[in-house]
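Me: I've just opened this one and would like a close look at a single part before I worry about the rest. Could you pick a spot and work outward from there?

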Amino acid sequence: MPDPLLQLDRHLFYFINHTLTNPFFDLVMPYLRNPKFWIPLYLFITAFCVWKFKKQAIYIILLLALSAGFADFTSASIIKPLVKRLRPCRDPVTALTDINRVDCGTGYSFPSTHATDHFAIAFFMILLFYKKWRWIWLWAILWAGIISFAQVYVGVHYPVDVTCGAIYGALVGWLFAFIFKKLQPDFVG
């Protein structure tokens, strides 16, 4: 008998990958999931931190990069090889109907490293800057969420992969924000 949670995950995947299909998403989602597309945003964040926070920017940028790097490494090199979940585009059941909008990629599916990395960045920034700019939580979560959604839409991850990646990434972002606040206790973001 099939696992009901796996069946639910496959049904949600099918809904996002098939039912929500439209020309606009087909055009935009492959770009939104590509880290190179976001380079201008990363450069803006770096320049803004240097301009606004001067010497403390070194700590912000370093720990932001470390949070993304730690999330990426642990997700891709430790968790994925332990779990060994096939991507939807490689799953014998799902691959029969999967609409591949990008190359399937190598490696495993769980958790989504894109979701892990971007939620780590988002939560790090939220925890540093929410006191001064309360709206940042909305935009940071929306940004990381759109990237995660795009992973399912293009056919390379299941919804559970991006959901768990988002949760893990949020925890990593929290950890590095905590470290930052220990190193810079006087920081007011």
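Reply: Let's start with Lys54, which sits in the loop between H3 and H4. Keep in mind that this is a predicted model. The backbone at Lys54 stands out: phi is near 50°, a positive value in a residue that isn't glycine. Lys54 is also exposed, with a relative accessible area of 55%, over the 50% that the word requires.

Step past Lys54 and you come to H4, which covers residues 56-83. Beyond H4 there's another lysine to look at. Lys84 lies in the loop between H4 and H5, and Lys84 too has a positive phi, about 55°, without being a glycine. With a relative accessible area of 52%, Lys84 counts as exposed. That loop between H4 and H5 also holds Pro111. The peptide bond joining Phe110 to Pro111 is cis, with omega at about -5°.

On the other side of that loop is H5, residues 113-129, which packs on H4 at an angle of about 150°, the axes being 9 Å apart. An angle over 145 degrees counts as roughly antiparallel, so that's the label for H4 and H5. The crossing of H4 over H5 is right-handed. The H4 side of the contact is made of Ile60, Leu63, Leu64, Ser67, Ala68, Ala71, Asp72, Ser75, Ala76 and Lys80. Facing them from H5 are Thr113, Thr116, Asp117, Ala120, Ile121, Phe124, Met125, Leu128 and Phe129. Sorted by class, that contact has twelve nonpolar, four polar and three charged residues. The charged ones are Asp72 and Lys80 from H4 and Asp117 from H5, while the polar ones are Ser67, Ser75, Thr113 and Thr116.

Several of those names come back when you look at the core. Nonpolar side chains tend to be buried together in soluble globular proteins. Here the largest nonpolar core has 47 residues, and Ile60, Phe124, Met125, Leu128 and Phe129 have the most contacts inside it. H1 (4-19), H2 (23-32), H3 (39-53), H4, H5, H6 (136-153) and H7 each put in at least two residues. H5 gives the most, with eleven. For a sample of who meets whom, take Met125: skipping neighbours within four places in sequence, Met125 is in contact with Ile45, Leu64, Tyr130 and Ile136.

H5 has another partner in H7 (residues 159-183), and these two pack at about 40° with their axes 6 Å apart. An angle of that sort falls outside the parallel, antiparallel and perpendicular ranges, so H5 and H7 are oblique to each other. H5 passes H7 in a right-handed crossing. In the contact of H5 with H7, 16 residues are nonpolar, four are polar and one is charged.

Now for another helix pair, H2 and H6. They pack at an angle of about 120°, and their axes are 8 Å apart. This crossing is left-handed. Phe25, Asp26, Met29 and Leu32 from H2 meet Ile146, Ile147, Phe149, Ala150 and Tyr153 from H6. That contact has eight nonpolar residues, no polar ones and one charged; the charged one is Asp26.

Tyr153 is a handy link to H1, as Asn17 touches it as well. Asn17 is in helix H1 and is buried, with a relative accessible area of 0%. Leaving out neighbours within four places in sequence, Asn17 is in contact with Thr97, Asp98, Ile99, Arg101, Val152, Tyr153, Val154 and Gly155.

If you'd like a feel for the spans involved, Asn17 and Lys181 are 164 residues apart in sequence and 40 Å apart in space, C-alpha to C-alpha. For Pro40 and Phe178, which are 138 residues apart along the chain, the C-alpha separation is 27 Å. Pro40 belongs to helix H3 and is exposed, at 55% relative accessible area. H3 brings us back to where we began, as the loop with Lys54 lies between H3 and H4.

Conventions
Residues numbered from 1 in each chain as written. Predicted model: local features only at pLDDT ≥ 70, side-chain atom pairs only at ≥ 80, totals over all residues. Heavy atoms only, no water. Axes fitted to C-alpha atoms, helices over the stretch in contact; angles between N-to-C directions. Helix = DSSP H or I, 4+ residues; strand = E, 2+ residues; numbered from the N terminus. Parallel < 35°, antiparallel > 145°, perpendicular 65-115°, else oblique. Left-handed = near helix turned anticlockwise from the far one by under 90°. Contact = heavy atoms within 4.5 Å. Core = buried A, V, L, I, M, F, W, Y, C linked by side-chain atoms within 4.5 Å. Buried < 20%, exposed > 50% of the residue type's maximum accessible area, 1.4 Å probe, protein only.
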